[in-house]
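Me: Please take a close look at a single part of this model, the part where strand pairing comes in. Then work outward from there, in short steps.

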Amino acid sequence: MGRKKREGFWRFSSSGSRVRSTVPGEWLEEFEAAARRPLETRIRYSFIRTYRPVLDDAPFRAFDTMEAYRRWCEENLPDWLGYGRF
Amino acid sequence: MAAFEYRQAQEIRDVFKRHGCRYLFIGKSGAVLLGFPDTTQDVDLFVERSPENCRALLVALRELGFALTDEQAAAIERGKDFIQLKNGPFDLDLVFAPDGIERFEDAWQRHVEVEGFPVCHLDDIIASKVASNRQRDREVLPRLRSFREYWLRQR
């Protein structure tokens, strides 16, 4: 038997009327499941360790401005890491 | 290096508190502390940029086990906008001027405490990601905004 799909939840708008939440049911289930876990477990599930080329190859970097950091990322990191700006 | 652990978060909290260093968890690591279920690698801390706070930060980082040269220590003391540390027990990004947030004090007024961990309000985490406007931020924003709706309802 297939699992019944959830449609999100109801909430009250600023005017007090009852409106359906826009949170997709699948995400809502994940949020609720996470809320039931202790913080220690949430951290264990969330923090991962993978090698990221270039980014992980220096023990220390410092940038005078955020703009300089963003530019460095765009000029040096592989596109697939997702550090490029739109 | 192993992934970041809860006990290391506790160490940050306890050591920074002992040295009086003002900071906030920000970015996806902050969202995780608020309950957002997703994966991340680095710990991002938004640190108040004042001479005394930067000095406290430096002492705290060394106590946590970060091996800093004099030159690196000087960069931290100066409070450069963005510092990436991979020379300690876990990867740590120090952000002194996150995109989308005007002043540390503003974020501090809105911040949330989770088990003693000072965390940026989700609105500031989202504002920062919107302002950064990177591919990786755009990808996570719809889910993060949905989580905001859920999170605000639970509070």
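Reply: Two strands pair if DSSP finds at least two bridges between them. The model is a predicted one.

Start with the strands. β3(A) is joined by four bridges to strand β3 (residues 82-85) of chain B. The two strands run antiparallel. One partner pair can be named: A62(A) has I83(B) as its bridge partner in β3(B).

Now the wider interface. Chain A brings 37 residues into contact with 41 residues of chain B. On the chain A side, the elements that give two or more residues are α1 (25-36), α2 (39-46), β3 (60-63) and α3 (66-76). The strand β3 of chain A is thus named both in the bridges and in the interface. By class, this side of chain A holds 20 nonpolar, seven polar and ten charged residues.

Next, the rest of chain A. Its elements are three helices and three strands. Along the sequence they come in the pattern β-β-α-α-β-α. Chain A has 86 residues, and 10% of them count as buried. Take the contacts in chain A between residues at least 6 apart in sequence: 8% of these join residues at least 24 apart.

One backbone detail comes before β3 of chain A. V54(A) sits in the loop between α2 and β3 of that chain. Its phi is near 70 degrees, positive although V54(A) is a residue other than glycine. V54(A) has 13 C-beta neighbours inside 10 Å, so it counts as partly exposed. The cut-off for exposed is 12 or fewer.

Turn to chain B, beginning with helix packing. Two packed helices are described by the angle between their axes and the distance between the axes. Helix α3 (residues 51-64) of chain B takes part in two such packings, one with α4(B) and one with α1(B).

The α3(B) and α4(B) pair first. α4(B) covers residues 70-78. The angle is about 140 degrees, and the axes are 8 Å apart. The two helices are therefore oblique to each other. The crossing of α3(B) with α4(B) is right-handed. From α3(B) come C54(B), R55(B), L57(B) and L58(B); from α4(B) come A73(B), I76(B) and E77(B). Sorted by class, this contact has five nonpolar, no polar and two charged residues.

Now the α1(B) and α3(B) pair. Helix α1(B) spans residues 6-18. Its axis and that of α3(B) come within 9 Å and cross at roughly 140 degrees. This pair, too, is therefore oblique. The crossing of α1(B) and α3(B) is right-handed. α1(B) gives E11(B), I12(B), V15(B) and F16(B) to the contact, while α3(B) gives A60(B), E63(B) and L64(B). The class count for α1(B) with α3(B) is five nonpolar, no polar and two charged. An α-helix has 3.6 residues a turn, so residues three or four places apart point the same way.

Then the buried part of chain B. Helix α2 (residues 27-34) of chain B is mostly covered, with eight of its eight residues buried. They are G27(B), K28(B), S29(B), G30(B), A31(B), V32(B), L33(B) and L34(B). Just after α2(B) comes G35(B), with a positive phi of about 115 degrees.

F25(B) makes contacts with this helix. F25(B) belongs to strand β1 (residues 23-26) of chain B. F25(B) counts as buried because 26 C-beta neighbours lie inside 10 Å. Beyond its neighbours within four places in sequence, F25(B) is in contact with G30(B), L33(B), D44(B), L45(B), F117(B), P118(B), V119(B) and C120(B). Two of these contacts, G30(B) and L33(B), are also among the buried residues of α2(B). Q154(B) is 129 residues from F25(B) along the chain, and their C-alpha atoms are separated by 20 Å.

Last, a loop in chain B. N133(B) lies between α6 (122-132) and α7 (135-154). N133(B) is not a glycine, yet its phi is positive, about 55 degrees. With 15 C-beta neighbours inside 10 Å, N133(B) therefore counts as partly exposed.

Back to the starting point: four bridges join β3(A) to β3(B), and 37 residues of chain A touch 41 residues of chain B.

Technical notes
Residues are numbered from 1 along each chain as its sequence is written. Chains are lettered from A and ligands numbered from 1 in the order in which they are written. This is a predicted model: local features need pLDDT of at least 70, side-chain atom pairs count only at pLDDT 80 or more; totals for chains, interfaces and linings use all residues. Two residues are in contact if their C-beta atoms, placed from the backbone, lie within 7 Å. Ala, Val, Leu, Ile, Met, Phe, Trp, Tyr, Cys and Pro count as nonpolar, Asp, Glu, Lys and Arg as charged, and the others, Gly among them, as polar. A residue is buried if 20 or more other C-beta atoms lie within 10 Å of its own, exposed if 12 or fewer, and partly exposed in between; C-beta atoms are placed from the backbone. Axes are lines fitted to C-alpha atoms, for helices over the stretch in contact, and angles run from 0 to 180 degrees between N-to-C directions. Angles under 35 degrees count as roughly parallel, over 145 as roughly antiparallel, 65 to 115 as roughly perpendicular and the rest as oblique. A crossing is left-handed if the near helix is turned anticlockwise from the far one by less than a right angle, and right-handed if clockwise.
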